[in-house]
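Biologist: I'd like to learn how to read helix packing and sheets in a model. Could you walk me through this one?

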Amino acid sequence: MSEPRKDTVTVVGAGLVGSLLSIYLARRGHPVELLERRPDMRRETVDGGRSINLAISTRGLHALRQVGLEDEALKHAIPMRGRMIHPPQGALVYQPYGKDDSQHINSLSRAWLNAFLMTAAEATGQVNIRFKQRVTQVDFGSGALTVHDDATGQVRQEPGRVVFGTDGSASAIRQALEQRPDFTGTQEQLGHGYKELTIPAGPGGTFQMEKHALHIWPRGTFMLIALPNEDGSFTCTLFLPWQGPVSFASLDTPETLSAFFDAQFPDAKALIPDLVEAFFSRPTGSMVTVKGAPWHVGGQTLLLGDAAHAIVPFFGQGMNCGFEDCVVLDALLGQGGGWEQVFTAFERLRKTNADAIADMAVENFVEMRDSAGDPRFQFRKAVEKVLLNAFPGEFVGRYSLVSFSRVPYRLAYQVGALTDGIVAELSEGLTRAEDVDLKRAAELIRSRLTPFMKEH
Ligand code: FAD
């Protein structure tokens with residue numbers, strides 16, 4: 001079978017996924033017209049120039065590796081080897097992410113990565129990025145796009161081509177798809193919003209907290225997290241309900257905000273000098289889980305990344321999942337067949353996995369904000385670590401499978417349910433994780449987990 005013809009294609013949205021996808025498509029010989037609503041972040045300041053970071057792990061790194069970009073990205077990344085829990089009182093608690101330090105996630109600047117990918121896309125010589133181009137409508141018959149040129153104020157038609165919608169969680173391309181009779185889907189807004197704050201670097205660019213950790217202040221219905229940046233600063237994200245006794249609505253004066261931080265996050269407060277100014281001047285973000293289908297119209301249009309499957313950020317997988325989309329699509333293109341065949345196969349492979357990570361991300365929210373601070377949860381994590389070390393390759397936790405492997409998310413979800421059950425059973429009545437009954441553990445792992453892993 002031959003590969004699809006080397007048509008010129010249109011990619012809508014030069015965010016993280018659209019930029020990487022364009023590189024993959026260009027490598028397959030397709031000239032790419034990449035339309036982006038925002039100005040060029042490499043020349044104009046967007047987001048007030050703040051440093052916002054995200055965690056990239058095995059799946060995302062693999063996608064970068066395939067196009068030769070992993071090494072450069074890792075030069076700018078800070079390994080985070082575990083969670084550093086900041087309880088309301090008492091000493092910090094460190095929970096390693098993996099079986100050892102080689103298993104870590106990486107904090108990377110979102111703006112740096114996006115700019116890096118756009119530059120790498122242009123360097124292929126096949127990708128033409130046009131900025132301030134806002135797509136508002138798609139004609140699914142011809143692939144023609146209605147585009148608002150925000151530089152000139154003019155509205156024009158972009159010629160009909162195969163269209164990839166990578167325009168994020170509020171995707172205009174998906175909204176057009178939603179108008180079609182065969183589309184079904186849901187969009188669930190999380191009852192929490194988020195606000196980004198900054199812990200600046202200490203003297204001489206030093207880190208004012210442990211550098212190689214993702215810091216978490218779990219407080220039940222709300223939490224604060226912080227990820228390190230290359231320049232010694234940390235980007236903090238405060239997750240709070242929109243409404244209620246402790247919420248964005250209730251923190252409406254500098255005094256209430258200050259008192260709230262004094263009571264809940266005194267150590268963080270001491271490190272955020274512009275807390276009040278930043279809190280009241282920066283936007284409050286919302287989070288949504290988008291599930292819907294179909295993701296494609298024949299061989300004409302396909303959604304990828306957040307446009308297809310926006311998820312809440314609590315597993316640090318939204319971008320990783322979108323990058324994995326690019327790898328899967330590329331492999332399908334390599335097998336040949338027409339666009340429609342490729343798009344149909346892509347949706348069949350990815351939809352169930354996107355739904356699985358969407359559900360795990362919501363579950364991880366509860367784990368991070370609530371359970372991570374719970375001594376019983378911490379104990380089960382310690383038992384899990386004993387098992388990971390005692391049964392290497394045989395016992396695997398859900399977090400590891402999601403973050404440190406490329407096994408399909410759906411499978412990771414199913415394995416996670418089995419391992420959680422085994423850990424809970426082995427933890428019963430124990431007071432020290434080291435005392436876990438390894439003989440019984442071997443029986444449980446080999447009777448429940450191993451057959452499942454063999455089957456899949
Ligand atoms: P976006 O990054 O949203 O890019 C979409 C692009 O399309 C943008 O450039 C936008 O300007 C453009 N666009 C939008 N509409 C139009 C239009 N009509 N016409 C033209 N262009 C348009 N993921 C991780 O893997 N790890 C993390 O640690 C992590 N942390 C996160 C923390 C927070 C607080 C949030 C909110 C998300 C986090 N994510 C994380 C998720 C991650 O940000 C997204 O999954 C990722 O950005 C998706 O990339 P995308 O390219 O699909 O969409």
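Biologist: Before anything else, is the crossing in which H10 passes H11 left-handed or right-handed?

Modeller: First, a word on what you're looking at. This is a predicted model, where local features need pLDDT of at least 70, side-chain atom pairs count only at pLDDT 80 or more, and totals for chains, interfaces and linings use all residues. Residues are numbered from 1 along each chain as its sequence is written, and side-chain values use heavy atoms, leaving out hydrogens and water. Helices (H or I, at least four residues) and strands (E, at least two) are DSSP runs, numbered from the N terminus. A crossing is left-handed if the near helix is turned anticlockwise from the far one by less than a right angle, and right-handed if clockwise. Here H10 passes H11 in a right-handed crossing.

Biologist: At what angle do H10 and H11 pack?

Modeller: Axes are lines fitted to C-alpha atoms, for helices over the stretch in contact, and angles run from 0 to 180 degrees between N-to-C directions. H10 and H11 (residues 339-369) pack at about 150 degrees, and their axes are 10 Å apart. Under 35 degrees counts as roughly parallel, over 145 as roughly antiparallel, 65 to 115 as roughly perpendicular, and the rest as oblique. H10 and H11 are therefore roughly antiparallel to each other.

Biologist: Which residues of H10 and H11 meet?

Modeller: Contact means heavy atoms within 4.5 Å. From H10 the list includes Cys321, Val328 and Leu332, and from H11 it includes Trp339, Phe346 and Ile357. By class, this contact has twelve nonpolar, no polar and three charged residues. For those classes, Ala, Val, Leu, Ile, Met, Phe, Trp, Tyr, Cys and Pro are nonpolar, Asp, Glu, Lys and Arg are charged, and the others, Gly among them, are polar.

Biologist: And how do H2 and H10 cross?

Modeller: The axes of H2 (residues 58-66) and H10 (residues 318-335) come within 8 Å, crossing at roughly 40 degrees. That makes H2 oblique to H10, and their crossing is left-handed. Arg59, Gly60, His62, Ala63 and Leu64 in H2 meet Asn320, Phe323, Glu324 and Val327 in H10. Sorted by class, you get four nonpolar, three polar and two charged residues in the contact of H2 with H10.

Biologist: Now the sheet. In what order do the seven strands come?

Modeller: Two strands pair if DSSP finds at least two bridges between them. The open sheet runs E6-E5-E14-E15-E16-E13-E17, with mixed pairing. E6 (93-96) and E17 (285-293) stand at the edges with a single partner strand each, so one side of each has no neighbour in the sheet. From one strand to the next, the twist averages 25 degrees.

Biologist: How many bridges join E5 to E6?

Modeller: Four, and E5 and E6 run antiparallel; Arg83, for one, has Gln95 in E6 as its bridge partner. E5 is also joined to E14 by four bridges, but in parallel, with Ile85 standing opposite Ile216 in E14. E14 (residues 213-218) then pairs with E15 (residues 223-228) in the antiparallel sense over four bridges.

Biologist: One last residue: is Phe131 buried or exposed?

Modeller: Buried means under 20% relative accessible area, exposed over 50%, and partly exposed in between (1.4 Å probe, protein chains only). Phe131 comes in at 17%, so it is buried. You'll find Phe131 in the loop between E8 (127-130) and E9 (133-139). Setting aside neighbours within four places in sequence, Phe131 is in contact with Glu36, Arg38, Pro39, Asp40, Arg42 and Met118.
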